[in-house]
Every structure is written in C-alpha cells, then in structure tokens.
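Me: I have a structure in front of me and would like to learn how to read it. Please take one feature at a time.

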Amino acid sequence: MKKKRKMSKKQKTYLFIIIPVVLLFFMFNTWPMLNGFFYSFTNYKGYGSYEMVGFQNYIDLFSDTRVLKSYLFTFKYAICGTILVNVLSLLMALALNAKIRCKSALRGIYFVPNILGGLIIGYIFSYIFTYIIPAIGQTWNIEWLQNSILSSPAYAWIGVLIVGVWQAVAMTTIIYISGLQTVPGDVYEASRIDGSSKWTEFWKITFPLIIPFVSINLVLTTKNFMMVFDQILSLTGGGPAQSTDSISYLIYNNGLDGGQFGFQSANAFIFFLVIVIFSIVQQNITSKKEEQL
Amino acid sequence: MEKAIRKSVKKPKEKTNWVLTIILILGTFTVFFPLYMAINIAFKQPSEMTNSIEGALGLPSSINFSNFAEAMRVTDFWHSLGNSLFITLATIALALVVYSLAGYVLGRTIAKHKGFKWVYLYLISGMFVPFAILMMPLVKETAMLHLGNQFGVILLYLVFYMPMNVMLYAGYMKNIPTVIEEASEVDGASTWTTFWRVIFPMMKPMHATVAVLTALGTWNDVMTPLVIMSGTGINTLPIAQLNFQTQFGTNYNLAFASYIMSLIPILLFYIICQKQIISGVANGAVKG
Amino acid sequence: MSVSLKHINKTYPNGYQAVKDFNLDIKDEEFIIFVGPSGCGKSTTLRMVAGLEDITGGELLIDGKRMNEAEPKDRNIAMVFQNYALYPHMTVRKNMEYPLKIAKLPKEEINARVAEASRILGLDALLDRKPNALSGGQRQRVAMGRAIVRNPKILLMDEPLSNLDAKLRGQMRIEITKLHKKLKSTIIYVTHDQTEAMTLGDRIVVMCDGDVQQIDTPENLYNRPANKFVAGFIGAPQMNFLDMIVEETPQGALLKQSNSTLTLTPVQSRLLKDKGFKSGDHVTLGIRPENLSAAIDTKDHANCIEGVVEVFEMLGSSSNIYVSVNGQNIAAIMPAGHFCKEGDKVSLNVDIDAIHLFDPKSELNLLNM
C-alpha cells in the first residue's frame, strides 16, 4: 500500500507522458491499419456504398496479373538493387577509408544524392534517359542507346534501378565507413606482420569484423527498395505496359484513383505480411551470424 | 568517441594512394553530371534545346534568370517553400519533444516494468508497417477530422517516425546514469523539471541525429502530402514539382529552373551542417 | 535536525532482504557513519533516508515527522553521491545554482550562497568550467558545494571519497570534519573504509548482510566490539583470530593451543565460566596486532604464542610480521629496530588485558558485560 502511494508521483508523470503518445500512435497507425484490414474484406471503391465480400479480394489477388507483375517487379528490383548497392558501397567505403587526399570533401560529395528528394532526382534522370543518352547514341551511332531506356518494357526497370542505386549508395557507404572505423588499427598491423595480402586481409579480417554493418545495410536497403515509390512516380508512372509497377505505386494508383480501395487494401495487407516475414527472417539470419563471431 | 576511433584507425607511415584518389575524383562525375545537367538546362531557352549532343550538353548562350522568375511565378514558389519549411520545422520541433519524452520514460521503465515494456514493443512494431497499408484509410481519417492540411501531415510524420526515433532515444538513456536524476530529485526538482533541465540537455547528441533524420525525411517526402493534401491547393516543394510536371510537361527549361530552386534549400542546409548530417544519419542507422 | 529509523526493512520484489530491522536515533548535528563491506545494505539505508528507495517496512521520522512517503525534494536533505553525479552540461557555477533555482530563491541570494560555498571549498577559480574539465578531487568539491549551498539540515554522503587517491582522501577527510563544524548539520555518511569511519564519525553503525552489528562510538567499537565481525572489520591491520581450547584450573582459566598457553585474568575467567564454557570447549581468541610483542626472554613462555615468521615487512616507523601458528596465521606490529627473517622461530607476548574472546558458534563477544 505504502509503496504504491510513494511510487505514484513519478509513475504518474510517466503515464502522463506516455498515454498521449500511445493514443496518437494508435490513432494514426493502428486505427488506420485496422480500418484497412476491414476494407480489405469489402468491395469498397473509395466512394459510395460497399458490401462485405469475405476473402474474395484475397483470392482475387492471386489471380490478378497486374498485382502479380507488381510483386515480380518489386522483388526483382529489390534483390538486384540490394546486391548492387551493397557491393558498390563496400567498394566505395574501402576507397574512401583508404589513405587518400581530400578525404572529407570526397565523402561529402558522394553523400549528396542521399539528401536530394527522389522525385526531383527522378525528373532529372528522366530527362537524361529520354534526351541526352539517345542524343549521345545518335552522335556516335550506337544503336542500343538511341531509344530511351524508359520506353522499353523490357529494360525500363533497369533505368529505375540505376536511379535507385545512385541515390542509395550514398547512405549505405556512410554506414560501411563507420563500420570500417570500428576496426582497430592494430588488427591490421598484426595481420601485416603475419604477412597476409590485401585480399586475404579483407576477407579474413575486415569483412568478418564489419558483419553487423553488412546486416544493417542489407535490411535497410532491401526495405527501402521494396517500398520504392518516388522514382516510379517521376520516372515511369509504372509503365511502359505496367512493367515498372511497384507494389506501393500500384496501391496508391489503383487504390486511391482506380476505384479499388477494398481490393488494394487486401494487397496492402499482404504487402505488410511480406515485410514482416522478411524482417523476421532477416533478424534471425543476422543474429545467427553475429553469434558466430 | 568518434574521434578516438578515427585516431586509432589512422595508420602511420602509409603513403597517399594517388591512384585511388584520382579514381574517386573522376567518380564524382556521376554525382555532378545530373546536377550540372539540371543547372545547364535551367538557364537555357527552349530554342537552344536541340536534339544534337551539343544542344544537350553545351553551355547556355547567356546567363539568364528569366526561367527562374517564371518558374517561381507558376509554381507559387514562395508559398510552397513556406509550407515545406513550416511542415519540416514544426515536425522537427514536435519530434524532439515528443520522442525524447517517450524515449526517456520507456528507457527508464522497460527493464523493470512489464506494462511499459509492452508499450515499447507496441510502438516499435510500427516500424514494420509500410505507408502503403495506412495510406488509403488515412486519407479518409484525416479528411473526417479536418486534418487534410499541413497540420494533418505534421501529425502523420510525428507518428511515422515515432518507432525508429523513440527506439533511438530509449537506447540513448543507457548513457545517462540514473544517479544524475536522483541528484536532481534530491536537489528538489520534480520528475518533470528534472527532464527539462537535466535529461533533455544531456540528450543533445541524439537530438542532432533525430533532427537530421526528420528533416531529410519530411523535406523530401512526396507520398504523405500527395495523398493527404491533394485537392486542397496546398503545396509543398516536391508536390509543386509534381503538379508542374503534369501541367507544363513540355517546357523543360522552366521545369528544371523549378527543380533547381527546390534543391537549393536542402543543398544549403547540407553544405552548412555537412558533418552533423553525415554523422547523424550514420548514427541513426547504426543504432536503430 | 534529528532523524529516527524505527524497524526499517527493505525487501526487493525478488525477495532479497537488503536491510533487516534497522533501528537508530540520530541526534541533531550528529555525524553518523554507516560502515560495512559492499552489499551490506548501508547505501540502501541511506537511499531510503533520501527517499530514492521505497521503505518496505518500519517508520522514518525526520524532525519527529513521518517521512516514509515524502518525495526527496520535501525532506530538506542534500546528498553527495559516490560518482558525484554532476550535471555534465552545466558549469560548476550552474551546478551549484541548480538546487537554489529549483527552490526559486531570488537572484542575489543565489549569488551570495554560491559565492560562500565556493569560498569555503576553494572553487572560485573553477566556477566557469564544466565538470569534464575538472580533476576527481575538484569534482568531489563541486558535489559537496552543490549539497551545502542549500544549508541543508541533513547532509547525506554516499562513499564520497571512494574515487579519490589515498593522499587526497586524507586531505578531504580533514576538510569534511571542518565542514561539519561549520555547517552544524546532521550528517549521515556511508563508507566501506573503516579508517574514514573511525576518523570522521561521532557514532558508527557497522552493518553486515543487512543486519546492524553494532552502533557505537569509534572508541567503543575498537575496545568493545560486539562480535567477531565488528572486531575483524574495525582496525587495521585486522584483528587476529585463533582457535583455543579452555582449561579450567583453580587459579583461573587457561587457553591452550599446541605449545602456547595463555592465563586469563580472574575477571575474564569468571565471565567465561558464567557463559558456560568448561574445560575442553573451543573458544575464539581475538588479539590485535598492536597488542602483540616479541618476547625477549625466551625462557618466560607465560602468555606467549609460538610460531614461525612467514613474511617480514619493514614500514619504517614500525614493521609488520606475519607468523604461522600451528597452521593459523597471525599478524603483529613490531617497533622499529626489531628485525627477523623468514623461517625464524618467534615467541609473541600477548597483552592479556587487551584480548577478546568470542563464542565460536554465535561469534558474540564473551567478555562484554
């Protein structure tokens, strides 16, 4: 009894702080999520009346080619993007952490793409892909450069990928650099005395020591690439022939403007599950890797 | 800490790697080229835009700011800039206060108190919720609450960035010994006063990280204002570009002048606080 | 201001009993020490007085008023923490001003009090520095300054000197004594160092495993320890303990151990007998190193303990020898000029009036009346 009363003043302050925060979070995160979950069982268009349709939306999802294509594109984009970004970033980080001149200036410059908005970068690259590269192709008579990559259903995704990678490398590199800086210098000195080459030094010493940073980067880049939106909006609008429809873009486009509110809610929910499962798997692999070290 | 690490890593007696330096300097071309293109086109007149390579890459015949003036007029630049600034600054201010308070409470209680532990896990779980799933219900909800405006966008940002940042603050509380709080209590302060006069100032490194992450996130965000404020006529800078693109799609010179203008504020911010931004972003990612 | 602890208990949620039935009346302006090995509950008790820890059972009275539930800020106390707990983002001046600003004192008053405290503690040159630019001793002074600016009626100190080196600790001990005379406040001081306890305290509370062992003046703790724990804890080098066997004779009791025999005084013999010790019973003999001397006349083996020197330490003004007596080790302090070497046989003369006898089971002092 006494204990309860004594604790209460501090505890009260804590509750006074945390309750509004939880309410706010519930109102703009949990509540809309539950709402979306509810709509995913209806045929709501976003306006007008609607009926409950049970699991029909979920069943339809698996036979809707546009949805399936969007998943295929998003996975293809995320996998290629993650690999490319991490390989490039690791190389960049090694280079930027080596004994070079103008180190901080170079680091500063290579970080610029990260601070610029995806939309405007998309527009600028869109112009480069549509006008400048074909102009170069024509001048030097290189056939495969003469048409805009963004207008080709087969290759447009590569255009989007280039822009995505261009932006993502900056951030990933910075994280790798901070990883490399945690490797103490004497470890290198020891290995140099042992006579190992740069190549074995990297694989046997540097890489194992920065594994935690590799896993952070893998999680971050995969998630960001899975949720790609700005670049699609500014570069292709999902085209040509829906070849670059990302899941986020499809939910936005068809859910809000295409009269598929209920259907796309179901899609959004599946997407949420994919992200959760992905995160759990990622977490497990990471913690196992870290245990091994 | 940072400095100590950097020092210990420095390997003495190693020669400058000039080959690498030169490769890296050449590589900055990939960063500068798109920016150069944007600036270049922004200064050109439509008549200078030919399909030849000289037309595409060559410098403009004269430095002329008329494109910028015109772009400012048609995008209502100052209003959009004002909205973007207002949303970003208000979000940062609220973020620092709300997240640090929540992080403080949770950082101090999750180890001992089951209830708070659940609250913490509940808030953190928000990290897995993609915006796509909330987007459509949020449009309806904000419209219903008359929040289809800047204030709604600010509130939403506050909620979206909450999981990550509360986690950062709660984790940072480990660096602030409880004995400091006890000292303040014995000195006569209430929990509330202790937070504002002792804990909040001691969280300074985390404030920098959270402010930078929030600033970059909100300033460049398209999706939230796009879905929440569509049809209200209220623009942020990115939304102004989006509308501009659909309305004046053909006039690239005007468009690029407008893009450049919307990039300038964030570039200035970056040039001024480059160190804090890079370390803040890295900090956030590594700890979060 | 007086402080009373009545049947104070502290039990943690996991069932661990940190403090058991603590009773103490502290008079106004008294300097009280809580001493004991780490984990004995002394800091917990102090924190209960401060209001930083809940009181599970019992009653805490400050100036006659029940304070169990009061917030720390309502108890009119100040505290100096072990690691100083200075606010790292504030200058020394701001650190000292803080409690006064919280109390909403007028600006002139704040300035006057900070100036006074800073003069007393010699902090004038450091007022605009931040804590991380100070040495350990300086931080310690700032922590004290922050505590005394409020003219607290009760000052709590939790191992304030334990992070300082030995020399500085000696200086600060003297300063704290002076400070106590000047402030005239009640001080409760926690330490694990018996030297600090003996030199500073009016009265000392010796604790072990949550139990109060003895509450007494330094002199009485030294001369009349309540039990074997207190006897071993107070005094350095530590008191020697030897297992002896009682033998009753018409002249009085003897204590025997291999070839050593001690003859007890009549008073000691009577006390031993009253407590029910007979011939053949074991008893623990306690003798301080300073009450042993080397027997010069080797023929007179009365009240002597025979042993072999294991270690000899020259200290200058005196020397310590460590002697093995039939498998048990004892230490003795020898005057300067007395030399011996490892392996020497030695006969140690026991000052029979200074011995203590303890019940081997209850460990209570058998000679206390």
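What follows is a short dialogue on confidence, sheets, one residue, and contacts.

Me: What kind of model is this?

Reply: This is a predicted model. Start with the scores for the complex: the predictor gives an ipTM of 0.85 and a pTM of 0.84. Then look at a single chain. In chain C the mean pLDDT is 89, and 98% of the residues reach 70 or more.

Me: Which elements of chain C have the lowest and the highest mean pLDDT?

Reply: Strand S15 (residues 292-294) of chain C is lowest, at 84, and strand S3 (residues 31-35) of chain C is highest, at 95.

Me: Strand S3 brings me to sheets. In what order do the strands of the open sheet of chain C lie?

Reply: Read a sheet from one side to the other, and do not expect the numbering to be followed. Here six strands make an open sheet in the order S6-S7-S8-S3-S9-S10 of chain C, and the pairing is mixed. The edges are strand S6 (77-80) and strand S10 (211-216) of chain C, each of which pairs on one side only. From one strand to the next the twist averages 15°.

Me: How many bridges pair S9 with S10 in chain C, and in which sense?

Reply: Five bridges pair strand S9 (residues 203-208) of chain C with S10(C), in the antiparallel sense. For a register to check by eye, take C:Met207, whose bridge partner in S10(C) is C:Val212.

Me: What joins S11 to S12 in chain C?

Reply: A hairpin does, through two residues. Strand S11 (residues 240-249) and strand S12 (residues 252-257) of chain C run antiparallel and are joined by five bridges. Within this pair, C:Ile245 stands opposite C:Lys256 in S12(C).

Me: Where does S12(C) pair next?

Reply: S12(C) also pairs with strand S13 (residues 260-263) of chain C, antiparallel, over four bridges. C:Leu255 has C:Leu262 in S13(C) as its bridge partner. S12(C) and S13(C) form a hairpin with two residues between them, and C:Ser258 in the turn has a positive phi of about 40°.

Me: Now a single residue. Is C:Leu272 buried or exposed?

Reply: Count the neighbours around the side-chain position. C:Leu272 is buried, because 22 other C-beta atoms lie within 10 Å and the cut-off for buried is 20 or more. C:Leu272 sits in helix H9 (residues 266-274) of chain C.

Me: Which residues is C:Leu272 in contact with, leaving aside neighbours within four places in sequence?

Reply: They are C:Val246, C:Ala253, C:Leu264, C:Phe277, C:Leu357 and C:Leu366. Distance in sequence and distance in space are separate readings: C:Leu272 and C:Asp359 are 87 residues apart in sequence, with 9.8 Å between their C-alpha atoms.

Me: How many residues of chain A and chain B take part in their contact?

Reply: Chain A gives 76 residues and chain B gives 72 residues. On the chain A side, helix H1 (residues 2-39) of chain A has the largest share, with 16 residues. By class, that side holds 55 nonpolar, 17 polar and four charged residues.

Me: What domains does the assignment give for chain B?

Reply: It gives domain 1 (16-64) and domain 2 (72-284) of chain B. Their centres, taken over C-alpha atoms, are 34 Å apart. Eight residues of domain 1 are in contact with seven residues of domain 2. On the domain 1 side of chain B, six are nonpolar, one is polar and one is charged.

Note on methods: Residues numbered from 1 in each chain as written. Chains lettered and ligands numbered in written order. Predicted model: local features only at pLDDT ≥ 70, side-chain atom pairs only at ≥ 80, totals over all residues. Pairing = 2+ DSSP bridges. Axes fitted to C-alpha atoms, helices over the stretch in contact; angles between N-to-C directions. Buried ≥ 20, exposed ≤ 12 C-beta atoms within 10 Å, placed from the backbone. Contact = placed C-beta atoms within 7 Å. Nonpolar A, V, L, I, M, F, W, Y, C, P; charged D, E, K, R; others polar. Domains from an automatic or database assignment. pLDDT = per-residue confidence, 0-100.
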